[in-house]
Amino acid sequence: MPPWSTVIALFVHGMGRTPISGWRLLRHLRRAGVETRTFSYSVVFEKYDTIVARLRTRIALLAASGDYMVIGHSLGGVLLRSALNSLPPGSALPRRVYLLGSPVLPSRIATRLKNNRLFRALARDCGQLLGSAERMKVVGPLIVPTVGIVGIRGLSGRYSPFGNEANDGLVSVSEAMAPWFSACERVPVFHTLLPSSTLVAKLIVQDLAQ
């Protein structure tokens, strides 16, 4: 029996997406013997702190049931970090955290758009958080093994908001990497497609097997 077969994986989708965005990744995990769960939220109808509070409760219940790991895409990874760093004392921490294109620094795109009316209407409080250096700093690092998986398929060069820096179309590599990561993988995938990428799924399954 694989060593991770008793571990439950919780997937948290990105902004404007749904749990369905991770169906391919979750299918690969189930085929490898991992039980999967999902968490859903809406940035239009919920403030950041409200989502984090619900996610924290969900993780605390999961932690009480046995070993688990978490996977967050984009904003989902930021929500996971906030929830994990505010768990009740004594709560079990995940065996692994996987962050897919999830910014650990303020998002350059969100910073540029934070005063845009359409962006404010669609991204609401979560969008403002992503563009705030002060609020992003409060989220903090994690103390558990964390693997960052960063896309590099985005446009770079003269017409890119990221200049010559590698990016996935919405998040640059530097925005999604941190010195406290236990490992970081770069994949030729666009930001939106990270949770549905077969390559990303295989990387996670391979990491679990080590």
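The exercises below work through a predicted model, each with a solution in steps.

Residues are numbered from 1 along each chain as its sequence is written, and side-chain values use heavy atoms, with hydrogens and water left out. Because the model is predicted, local features need pLDDT of at least 70 and side-chain atom pairs count only at pLDDT 80 or more, while totals for chains, interfaces and linings use all residues.

**Exercise 1. The sheet**

Determine the strand order of the open sheet and identify its edge strands.

Solution. Begin with the elements: helices (H or I, at least four residues) and strands (E, at least two) are DSSP runs, numbered from the N terminus, and two strands pair if DSSP finds at least two bridges between them. On that basis the open sheet has 6 strands in the order β2-β1-β3-β4-β5-β6, with parallel pairing. The edges are β2 (35–39) and β6 (183–187), each of which pairs on one side only. From one strand to the next, the twist averages 20°. As a detail within the sheet, β3 (residues 68–73) and β4 (residues 97–100) are joined in the parallel sense over 4 bridges, and His73 has Leu100 in β4 as its bridge partner.

**Exercise 2. Two helices that pack together**

Describe how α1 and α7 cross, and list the residues that meet.

Solution. Two packed helices are described by the angle between their axes and the distance between the axes. Axes here are lines fitted to C-alpha atoms, for helices over the stretch in contact, and angles run from 0 to 180 degrees between N-to-C directions. The axes of α1 and α7 (residues 198–209) come within 9 Å and cross at roughly 35°. The crossing is right-handed, a term used when the near helix is turned clockwise from the far one by less than a right angle, anticlockwise being left-handed. Taking contact as heavy atoms within 4.5 Å, one finds Arg24, Leu25, His28 and Leu29 of α1 meeting Thr198, Ala201, Ile204, Val205 and Leu208 of α7. The contact residues divide into 6 nonpolar, 2 polar and 1 charged, where Ala, Val, Leu, Ile, Met, Phe, Trp, Tyr, Cys and Pro count as nonpolar, Asp, Glu, Lys and Arg as charged, and the others, Gly among them, as polar. Finally, α1 (residues 23–31) also lies across β1 (8–12), β2, β3 and β4, running at about 155° to β2.

**Exercise 3. Helix α3**

Explain why α3 is described as largely enclosed by the rest of the structure.

Solution. Apply the accessibility classes first: buried means under 20% relative accessible area, exposed over 50%, and partly exposed in between (1.4 Å probe, protein chains only). In α3, 10 of the 10 residues are buried, so the helix is largely enclosed by the rest of the structure; among them are Leu75, Gly76, Arg81 and Leu84. Their packing partners are β1, α2 (48–65), β3, β4, α5 (117–130) and α6 (133–139). Helix α3 (residues 75–84) lies across β1, β3 and β4, at about 140° to β3.

**Exercise 4. Two residues of one loop**

Classify Leu170 and Ala176 as buried, partly exposed or exposed, and list their contacts.

Solution. Leu170 lies in the loop between β5 (146–151) and β6, and Ala176 also lies in the loop between β5 and β6. Leu170 counts as partly exposed because its relative accessibility is 40%, whereas Ala176, at 3%, counts as buried. Neighbours within four places in sequence aside, Leu170 is in contact with Ser107, Ile109, Phe162, Glu175 and His191. With residues up to four places away likewise not counted, Ala176 touches Gly101, Ser102, Pro103, Val104, Val150, Val171 and Phe181.
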